[in-house]
Amino acid sequence: MHLLGLILFSWLSLSSASTADNSIAVGVTLFEEHNVVAAHQFFTTFVQEQPTNAVGAFYLGRTFFAREQFDQAIEWLNKAILLDEHNADYHLWLGRACGYQAQHTSILWQFPLARCVRQHFERAVELNPDHIHARADLAEYYMKAPWFLGGGQEK
């Protein structure tokens, strides 16, 4: 009987994980089809139900980014990284969100945000050297940022 209970528990665990994967696919599809409002609503509910799901936090951050709500995007992209620090896309998009936020904030916040951009672009490339978008964004940062923020043509 103990073995039967273990098998049943394993099956239920796998079944609920599979349901979560299937569920998140709905939200990802909404986002990829540029239905940002519906994707935002989906991921808002999803992260309430599954607060430790890095993919949900990432896509909620992306929906805030798409709506140009960069403070909230940074918050959720940071959470995604806390849940899975080895995902290059999470670092790339956090760097991008920090960059856009830097363009809309006071000079006092621009410097720490610029450092955030560089650090996350560098980390994205470190995690996945073949990530073409991360490499392009890092190269652009190096070309445009002054030396005291880690930029420079020689890089």
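# An all-helix chain and its largest pocket

The chain has 7 helices and 0 strands, where helices (H or I, at least four residues) and strands (E, at least two) are DSSP runs numbered from the N terminus. The model is predicted, and local features need pLDDT of at least 70, side-chain atom pairs count only at pLDDT 80 or more, and totals for chains, interfaces and linings use all residues. Residues are numbered from 1 along each chain as its sequence is written, and side-chain values use heavy atoms, with hydrogens and water left out.

Read from the N terminus, the order of elements is α-α-α-α-α-α-α. Of the 155 residues in the chain, 42% are buried; here buried means under 20% relative accessible area, exposed means over 50%, and partly exposed lies in between, with a 1.4 Å probe and protein chains only. If one takes the contacts (heavy atoms within 4.5 Å) between residues at least 6 apart in sequence, 50% of them join residues at least 24 apart.

**Helices α2 and α3**

Two packed helices are described by the angle between their axes and the distance between the axes. For helix α2 (residues 36-49) and helix α3 (residues 54-66), the axes come within 9 Å and cross at roughly 145 degrees; such axes are lines fitted to C-alpha atoms, for helices over the stretch in contact, and the angles run from 0 to 180 degrees between N-to-C directions. The crossing of α2 and α3 is left-handed, a term used if the near helix is turned anticlockwise from the far one by less than a right angle. On the α2 side the residues in contact include F43 and F46, and on the α3 side they include Y59, L60 and F64. By class, this contact of α2 with α3 has 10 nonpolar, 4 polar and no charged residues, where Ala, Val, Leu, Ile, Met, Phe, Trp, Tyr, Cys and Pro count as nonpolar, Asp, Glu, Lys and Arg as charged, and the others, Gly among them, as polar.

**Two loop residues with positive phi**

Both residues in the table are residues other than glycine.

| Residue | Phi | Loop | Relative accessible area |
|---|---|---|---|
| H34 | near 65 degrees | between α1 (2-32) and α2 | 68%, exposed |
| E68 | about 60 degrees | between α3 and α4 (70-83) | 61%, exposed |

**The largest pocket**

Rolling a probe the size of a water molecule over the atoms shows where empty space is left. In this model, about 550 Å³ of space lies in the largest pocket. A pocket is, on a 1 Å grid over the protein atoms alone, an open set of points where a 1.4 Å probe fits, with protein on both sides within 12 Å along at least five of seven lines, and its lining residues have an atom within 4 Å of a point. Which residues lie nearest the centre of the largest pocket? They are G99, Y100, Q103, V117 and Y141, out of 20 lining residues, and the lining divides into 12 nonpolar, 4 polar and 4 charged. Helices α5 (88-103), α6 (107-127) and α7 (132-144) each supply at least two residues of this lining.

Y100, found in helix α5, is partly exposed, with a relative accessible area of 38%. Leaving aside neighbours within four places in sequence, Y100 is in contact with F65 and F70. The C-alpha atoms of Y100 and A114 are separated by 9.7 Å, although these residues are 14 residues apart along the chain. In helix α6 lies C116, which counts as buried because its relative accessibility is 17%.

Conventions: Points joined across faces, edges and corners; volume = space filled by probe spheres on them.
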